[in-house]
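Hi,

Here is the structure I said I'd send over. Have a look at it first, and then read on for what turned up.

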Amino acid sequence: MATYQFPDSHVFYRKLTRRFPLITHGEGCWLVDADGRRYLDGSGGAFVANLGHGVAEIGQAMAAQAAKVAYLNGTAFTNEPVEALADALAELLPGELDKFYFLGSGSEAVEAALKLARQYWVETGKPSKHKVIALFPAYHGNTLLALSASAREHYKTYYREWLVDIHRIPAPYSYRCECGGSAARRLGGSSDCPVCSGSALEAAILQLGADNVAAFIAEPVGGSSTGHSVPAPGYFRRIREICDRHQVLFIADEVLVGAGRTGTWSAIEQYSVAPDIMTFGKGITGGYAPLSVVAAPRRLLDPIAKGSGALLHAQTFSHHPVLAAAGLAAVRYLKAHGLVERCRRMGEVFHRKLAALRELPHVGDVRGRGLLAGIEFVADKGTRAPWPRKLKFAETFSEQALAAGLMTWANMGQADGTNGDLSCLAPPFVIEESEIDELVRRFTVALEATLTKVRHA
Ligand SMILES: Cc1ncc(COP(=O)(O)O)c(C=O)c1O
């Protein structure tokens, strides 16, 4: 078997305790290893492979750009793919979001978005506005400001002393909300729970003093931290009103849920509101290159243009022509093949078929939107009690899924900061109905294997 493991090779792997199969190529929803074993990419890797694997056009566009000019410094020059990608994104985004800053990772985009919010307030004569409010559970990245904004405790274990203080309000995570939000919503009622309605944000702003608050950052549909919990229809309208009333910038982090993943180009547009700043990453190139984007309206940039003259976020590889060429080719490919529309259509099939998982033992909830779904595992379906963390249920499940030839994404800690086990799914938009059936079948096999392991632990 062609597998690799620390310390036998020279690679510093992301996990130092497991063997890694060597993937040689991908086709559509499938990854193939050196032994010819096929893995159904049920999570698009880390919510990235939106277009499917092996789309030659994207690499060809990058190679063509690299052959013309591969690198320019963004302080001196602009380039064709950056200009064309910005034009294309301006047509796709809601509200006045029509200026785009290009970076590499999602964490970089979140850092830049938060810095932009802060710099805007300083340059408009409100320097006291510096505090950031974020949700818990939530994830916004792993560099130190983005990690500070994240409520993913296990990622902070060794670095707490280096993190900055971010104020938190509970996420609209109805499965575990005290109000029993999901039950209320299923009955079609609108929740007046402060968490599920969004009004908890106002209480937080008043507590901190609106003059001190720069921004509120949230994912329009929960990412892996809440297992893709979908806020109530009125949630972001309330958030928008509160942010407007108190002059707080609303940053929608669409690094995971954007670029079509929930069935519309941006996830926030399904709430009929526009944020002040938006971030994209992951699926924006379908994984063909690491590109991220900060989107902002002109009204935020004008004061900076008249003041200091630049966002103070210098990065060598910003506005990179080859990465932008990948983004442009991916956006064109999505459009040409109607893949965002397909994601919405297949998303309905996906959720209909995933509903069967609810009947399996220890599946507490199945939720999500578009081709994005979270399955929450519990020790007890009645009480929703999580498994004890020491069992590592989510991690065991994802290993068993891989053994069954299914790539999934594990997350944990959502129930109370420590306990809680999630499996997240986000297949490529090209997935076929028969492949969804296969995904459900492999998921079921993996769950049986996990339960056997856990019972013997
Ligand atoms: C919502 C969200 N924001 C930011 C990030 C950070 O992106 P990256 O891992 O590319 O730095 C992630 C990554 O999972 C994410 O899900």
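A quick definition before we start: helices here are DSSP runs of H or I with at least four residues, numbered from the N terminus. Also keep in mind that this is a predicted model.

With that in hand, Ser107 is easy to place: it belongs to helix 4, which covers residues 106-123. Is Ser107 buried or exposed? Its relative accessible area is 13%, so Ser107 is buried, the cut-off being under 20%. Leaving aside residues up to four places away in sequence, Ser107 touches His140, Gly141, Asn142, Thr143 and Ala146.

Next, a pair of helices. Two packed helices are described by the angle between their axes and the distance between the axes. For helix 3 (residues 80-92) and helix 12 (residues 321-336), the axes come within 8 Å and cross at roughly 40°. That angle makes helix 3 oblique to helix 12, and the crossing of the two is left-handed. On the helix 3 side, the contact is made by Pro81, Val82, Ala84, Leu85, Ala88, Leu89, Glu91 and Leu92. Helix 12 brings Pro321, Ala324, Ala325, Gly327, Leu328, Val331, Arg332 and Lys335. Sorted by class, the contact of helix 3 with helix 12 comes out at twelve nonpolar, one polar and three charged residues.

On to the strands. Strands of a sheet pair through backbone hydrogen bonds, either parallel or antiparallel. You'll find both kinds here.

The antiparallel example to open up is an open sheet of four strands, in the order 13-14-17-16. Which strands stand at its edges? They are strand 13 (363-368) and strand 16 (409-412); each has a single partner strand, so one side of each is left without a neighbour in the sheet. From one strand to the next, the twist averages 20°. Strand 13 is joined to strand 14 (residues 373-377) by five bridges, and the two run antiparallel. If you want a residue pair to click on, Val363 stands opposite Phe377 in strand 14.

For parallel pairing, go to strand 7 (131-136). Strand 7 pairs with strand 9 (residues 213-218) in the parallel sense over four bridges, and Ile133 has Phe216 of strand 9 as its bridge partner. Strand 7 also pairs in the parallel sense with strand 8 (residues 167-170), again over four bridges. There, Ala134 has Arg168 of strand 8 as its bridge partner.

Strand 5 (residues 38-41) is worth a look too, with an antiparallel pairing to strand 4 (residues 30-33) over three bridges and a parallel one to strand 15 (residues 406-407) over two bridges. In the pairing with strand 4, the bridge partner of Val32 is Arg38 of strand 5. In the pairing with strand 15, Leu40 is matched with Leu406. Strands 4 and 5 form a hairpin with four residues between them, and Gly36 in the turn has a positive phi of about 85°.

Last, the backbone oddities, which you may want to look at yourself. Most residues other than glycine have a negative phi, and most peptide bonds are trans. Here are the exceptions I have for you:

- Phe6 to Pro7: this peptide bond is cis, with omega near 0°. Pro7 lies in the loop between strand 1 (3-4) and strand 2 (20-21).
- Phe136 to Pro137: a cis peptide bond joins these two, with omega about -5°. Pro137 lies in the loop that runs between strand 7 and helix 5 (144-149).
- His362: although it is not a glycine, His362 has a positive phi of about 70°. His362 is found in the loop between helix 13 (339-354) and strand 13. With 17% relative accessibility, His362 counts as buried.
- Lys392: here too phi is positive, at about 50°, although Lys392 is not a glycine. Lys392 sits in the loop between strand 14 and helix 14 (393-403). Its relative accessible area is 47%, so Lys392 is partly exposed.

That's what I have for now. Shout if you'd like to go through any of it together.

Cheers

Note on methods
Residues are numbered from 1 along each chain as its sequence is written. This is a predicted model: local features need pLDDT of at least 70, side-chain atom pairs count only at pLDDT 80 or more; totals for chains, interfaces and linings use all residues. Side-chain values use heavy atoms; hydrogens and water are left out. Two strands pair if DSSP finds at least two bridges between them. Axes are lines fitted to C-alpha atoms, for helices over the stretch in contact, and angles run from 0 to 180 degrees between N-to-C directions. Angles under 35 degrees count as roughly parallel, over 145 as roughly antiparallel, 65 to 115 as roughly perpendicular and the rest as oblique. A crossing is left-handed if the near helix is turned anticlockwise from the far one by less than a right angle, and right-handed if clockwise. Contact means heavy atoms within 4.5 Å. Ala, Val, Leu, Ile, Met, Phe, Trp, Tyr, Cys and Pro count as nonpolar, Asp, Glu, Lys and Arg as charged, and the others, Gly among them, as polar. Buried means under 20% relative accessible area, exposed over 50%, partly exposed in between (1.4 Å probe, protein chains only).
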